[in-house]
Amino acid sequence: MSRVWNFSAGPAALPQAVLERAQREMLDWNGSGASVMEQSHRGKRFIEMAAQAEADLRALLAIPADYAVLFLQGGATQHFAQIPMNLAGAGDSADYIVSGHWSAKAVSEAATYVRVNVAASGEADHYLKLPARESWQLDPQAAYVHYTPNETIHGVEFHNIPDVDAVPLVADMSSNILSEPLDVSRFGLIYAGAQKNIGPSGLVLMIIRRDLLQRAGRPMAKIFRYAEHAANDSMLNTPNTWGWYLAGLTFQWLQEQGGIAVIGERNRAKAELLYQAIDGSGGYYRSPVEPSARSRMNVPFTLHDAALDTAFLKESEAAGLLALKGHKAVGGMRASLYNAVSLEAVKVLTAFMQDFAQRHG
Ligand code: PMP
């Protein structure tokens, strides 16, 4: 068996131990004689597993009791639209901070359901830096403030939680959830597609302050209403049982690693190593992002001569380094360093980069 060094932006690398355990349990899960995918979510085994996954997540992030945890579907994209449906009434407005591709997408999807106020945007800076907090034009009457703490494509990350006074802060943490300790109490709502730091795609994790479940929002079918999902333990309809199970295994793996503080340190070391390799290359490689806004999870970089891109991608793939091609919106390369990517993988990458630079000097 040969596993690659996987730097995919998502769906992304999962911990090998999690995959191996899922493989062991595939045919006979938990003594049931069937896989987890082949049995009812109403059964005792599944309900216990689901509750354990939630309890483990609550322990990992020290989630306060006044927050509900939901295991939903639809991808983060569906919730770009569903969040305003639930949190904003007719005529309400919401503040959006636009810091890259995904927060811009959140705005365009939300606009059908809420009056969007773009309170700040990094577009004029090509999303290479974050709009300074002092420049944000926040509305104290806004239904909520939405932002994207880590932009997966542009590789910019907020390293502090912005203070938005009493207005609930909503965060799309698809690409940085569980990557470092988090003060959940600063947020009204946190959501994340699972396919980077949690498990397979098709699952969305949501952490929502319970008082926000009381908001009337707008008229909508039950299936869209977060309060209904909460009241039914995320089993209003058939959940993504496989995704939920794998998420649970990932939470256990995170605990075995020593918890989120340990993971956070490891992620910091991984990112530092890669940025040092880029910055220390004498201009051979370049990070376009302003240093204070550099993401720990997604590291875009360019080669000094774009004519070398094809050779870089071909040779890196031959060396077992997968998915380094940058997103077409920004070009160049991108290495994603989610939790399941080891420090060793980053060492292999930086060694390859140095070797490539010498050979193609
Ligand atoms: N938000 C962010 C920050 C993302 O990185 C992505 C996907 N890469 C999305 C939203 C969209 O997620 P999905 O495809 O699960 O809808």
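UniProt positions are given here in the numbering used for this model, and its annotations may be inferred rather than shown by experiment. Keep that in mind as you work through this predicted model.

**Exercise 1. Find out how confident the predictor is in the protein and in the complex.**

Solution. Start with the protein: its mean pLDDT is 97, and 100% of its residues reach 70 or more. Then go to the complex, which gets an ipTM of 0.99 and a pTM of 0.98 from the predictor.

**Exercise 2. Describe the shell around the ligand: which residues are in it, and which helix gives the largest share?**

Solution. Step one is to list who's there: Gly10, Gly75, Ala76, Thr77, Trp102, Thr148, Thr152, Asp172, Ser174, Ser175 and Gly193 surround the ligand. Step two is to look for the main contributor. That's helix α3 (residues 75-87), which supplies three residues, the largest share. Step three is to sort the shell by character: two residues are nonpolar, eight are polar and one is charged.

**Exercise 3. Look up the "binding site" residues in UniProt and work out how far they spread.**

Solution. The unreviewed UniProt entry lists Ala76, Thr77, Trp102, Thr152, Asp172, Gln195, Asn237 and Thr238 under "binding site". These residues span 163 residues of sequence, and they're spread out in space too, with up to 30.4 Å between C-alpha atoms.

**Exercise 4. Take Ala76 and Gln195 from that list. Is each one buried or exposed?**

Solution. Let's place Ala76 to begin with: you'll find Ala76 in helix α3. Now count neighbours. A residue is buried if 20 or more other C-beta atoms lie within 10 Å of its own. Ala76 has 24 of them within 10 Å, so Ala76 is buried. Leaving out residues up to four places away in sequence, Ala76 touches Asp172, Ser174, Tyr191, Ala192, Gly193 and Val204.

Gln195 sits in the loop between β9 (189-193) and β10 (204-209). Gln195 has 24 C-beta neighbours inside 10 Å, so Gln195 counts as buried. With residues up to four places away in sequence left out again, Gln195 touches Gly10, Pro11, Ala12, Pro200 and Ser201.

**Exercise 5. In the open sheet of three strands, work out the strand order and name the edge strands.**

Solution. Read off the order: β11-β12-β14, with antiparallel pairing. An edge strand pairs on one side only, and here those are β11 (285-286) and β14 (333-336). Zoom in on one pair: β11 and β12 (residues 298-303) are joined antiparallel over two bridges. Within that pair, Tyr285 stands opposite Leu303 of β12. In general, strands of a sheet pair through backbone hydrogen bonds, either parallel or antiparallel.

Conventions
Residues numbered from 1 in each chain as written. Predicted model: local features only at pLDDT ≥ 70, side-chain atom pairs only at ≥ 80, totals over all residues. Near = placed C-beta within 6 Å. Helix = DSSP H or I, 4+ residues; strand = E, 2+ residues; numbered from the N terminus. Nonpolar A, V, L, I, M, F, W, Y, C, P; charged D, E, K, R; others polar. pLDDT = per-residue confidence, 0-100. Buried ≥ 20, exposed ≤ 12 C-beta atoms within 10 Å, placed from the backbone. Contact = placed C-beta atoms within 7 Å. Pairing = 2+ DSSP bridges.
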